[in-house]
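Here are some short exercises to work through with the model open beside you. Try each task first, then follow the solution step by step.

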There are 2 protein chains.
Amino acid sequence: MLRARGKKVTPQRVLIYRALLGDRTHPTAEQLHARLKELLPGLSLTTVYTALNDLVQAGELRRFEAGDGSVHFDPEMRPHAELVCVQCGRIDDAPVEPASVRMPEEVQGYRILRRTELLHGLCPSCQADPA
Amino acid sequence: MLRARGKKVTPQRVLIYRALLGDRTHPTAEQLHARLKELLPGLSLTTVYTALNDLVQAGELRRFEAGDGSVHFDPEMRPHAELVCVQCGRIDDAPVEPASVRMPEEVQGYRILRRTELLHGLCPSCQADPA
DNA sequence: CTTGGTGCAAAGCTTTTGCATATCA
DNA sequence: TGATATGCAAAAGCTTTGCACCAAG
């Protein structure tokens, strides 16, 4: 996949790509960097940013802004909504309602390329413990 | 409304609030500031930011991130989607599909407080003129 | 060998904050 | 008069950029 795009396969990228594929936590660039530099101490934040941007451009990763100023990455490319806890910041994927699945190709003259749905609320543990 | 919240009525706020009410362009804080300082030359960006944040907190204004890093404000509080042109940055309001209107109160244990729907695409003029 | 990547430090942006002054109630 | 807002400048946070060195193809 990398080679097909004229990119090089480096240890850093392999690590970053692998980490993301199994990740359901919607990390930010910094969160990912914090975790990965324990595995590869020299890993720089710059490299994480470039790798993430590459993946987004290649259509392998979805990038979204959670609504509180933070930018998150999600390897799930099928249509879904993001559940964002306004208290603890936790983010989960939610299946979209059937009606929302058929993304319109055109709305008010706009040609639609992608859709993002954010649901802000309180996650189960923040409801139980409104610290 | 301001007085009800223990706030003072200043010329700056009157100007900012009035400008927003009739605005369908989803301006950013800076765009709004640029326009308004022609009417009130001394107006500072700081004041615009505080006024906008106040309005959002008061529930009079909706704040959303367009997906490209920019933060926009929208006086329309009824449920709707945002049409974002990925080329020129123009933003329009779009009526939501009937199925999306009934916002779920609860999804996967989350208590839902609000919903944001973004549709990214190409606006009519950018389709005609893919500069 | 040649192109592209990495890591560091510095630059860039947007938004917030501290503080003295001015303004509203 | 007393509380709050304003405006400036500085600080803060996140992301990108410039550059020298290194590594993959």
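Helices (H or I, at least four residues) and strands (E, at least two) are DSSP runs, numbered from the N terminus. Please keep in mind that this is a predicted model.

**Exercise 1. A positive phi in a loop**

Task: Find B:His26 and work out which elements its loop lies between, and whether the residue is buried or exposed.

Solution:
- Step 1. Start with the location: B:His26 sits in the loop that runs between H1 and helix H2 (29–36) of chain B.
- Step 2. Look at the backbone. The phi of B:His26 is near 55 degrees, which is positive in a residue other than glycine.
- Step 3. Recall the background: most residues other than glycine have a negative phi.
- Step 4. Check accessibility. Buried means under 20% relative accessible area. B:His26 has 2% relative accessibility, so it counts as buried.

**Exercise 2. A second one to compare**

Task: Locate B:Gln108 and decide how it is classed by accessibility.

Solution:
- Step 1. B:Gln108 is found in chain B, in the loop between strand E5 (106–107) and strand E6 (110–122).
- Step 2. Its phi is positive, about 50 degrees, although B:Gln108 is not a glycine.
- Step 3. Exposed means over 50%, and partly exposed falls between the buried and exposed limits. B:Gln108 therefore counts as partly exposed, at 44% relative accessibility.

**Exercise 3. The two sides of H3(A)**

Task: Check the span of H3(A) against what its residue count leads you to expect, then sort its residues into buried and exposed.

Solution:
- Step 1. The expected span is 1.5 Å times one less than the number of residues. H3(A) has 13 residues, so it should span 18 Å, and this agrees with its end C-alpha atoms, which are 18 Å apart.
- Step 2. The buried residues of H3(A) are A:Val48, A:Ala51, A:Leu52, A:Asp54 and A:Leu55. These buried residues cover an arc of only 160 degrees around the axis, so they lie on the same side of H3(A).
- Step 3. Turn to the face of H3(A) pointing away from that buried side: here A:Thr46 and A:Gln57 are exposed.
- Step 4. Ask what covers the buried residues of H3(A). The cover includes H1, helix H2 (29–36) and strand E2 (71–74) of chain A.
- Step 5. Go on past the helix. H3(A) is followed by A:Gly59, which has a positive phi near 80 degrees.

**Exercise 4. The two sides of H1(A)**

Task: Which residues of H1(A) are buried, and which elements do they pack against?

Solution:
- Step 1. A:Arg13, A:Ile16, A:Tyr17 and A:Leu20 are the buried residues of H1(A). The arc they cover around the axis is only 95 degrees, so they are on the same side of H1(A).
- Step 2. The packing partners of these buried residues are H2 and H3 of chain A.
- Step 3. On the other side of H1(A), you will find A:Pro11 and A:Arg18 exposed.

**Exercise 5. DNA strand C**

Task: Which residues come nearest to DNA strand C, and which element gives the largest share of the surface near it?

Solution:
- Step 1. There are 19 residues around DNA strand C, and A:Lys8, A:Thr10, A:Thr47, B:Arg3 and B:Tyr49 come nearest. Of the atoms of DNA strand C within 4 Å of the protein, 78% belong to sugar and phosphate.
- Step 2. Take the phosphate contacts. A polar side-chain atom of A:Arg13 is 2.8 Å from a phosphate oxygen, and a polar backbone atom of A:Gly42 is 3.2 Å from a phosphate oxygen.
- Step 3. Now a base: an N or O atom in the side chain of B:Lys8 is 2.9 Å from a base oxygen of DNA strand C.
- Step 4. H3(B) gives the largest share of the surface near DNA strand C, 3 residues.
- Step 5. By class, this surface has 5 nonpolar, 8 polar and 6 charged residues.

**Exercise 6. DNA strand D**

Task: Which parts of DNA strand D do A:Lys8, B:Gln12 and B:Arg13 approach?

Solution:
- Step 1. A polar side-chain atom of A:Lys8 lies 3.2 Å from a base nitrogen of DNA strand D.
- Step 2. For B:Gln12, the partner is a sugar or linking oxygen, 3.0 Å from a polar side-chain atom.
- Step 3. For B:Arg13, the partner of a polar side-chain atom is a phosphate oxygen, 3.0 Å away.
- Step 4. To finish, H3(A) provides the largest share of the surface near DNA strand D, 3 residues.

Key: Residues are numbered from 1 along each chain as its sequence is written. Chains are lettered from A and ligands numbered from 1 in the order in which they are written. This is a predicted model: local features need pLDDT of at least 70, side-chain atom pairs count only at pLDDT 80 or more; totals for chains, interfaces and linings use all residues. Side-chain values use heavy atoms; hydrogens and water are left out. A polar contact is a pair of N or O atoms within 3.5 Å; within protein, one must be able to donate a hydrogen and the other to accept it, and residues adjacent in sequence count only if both atoms are side-chain atoms. A residue is near a molecule or strand if one of its heavy atoms lies within 4 Å of it. Ala, Val, Leu, Ile, Met, Phe, Trp, Tyr, Cys and Pro count as nonpolar, Asp, Glu, Lys and Arg as charged, and the others, Gly among them, as polar. Buried means under 20% relative accessible area, exposed over 50%, partly exposed in between (1.4 Å probe, protein chains only). The arc is that of the directions from the helix axis to the C-beta atoms. Contact means heavy atoms within 4.5 Å.
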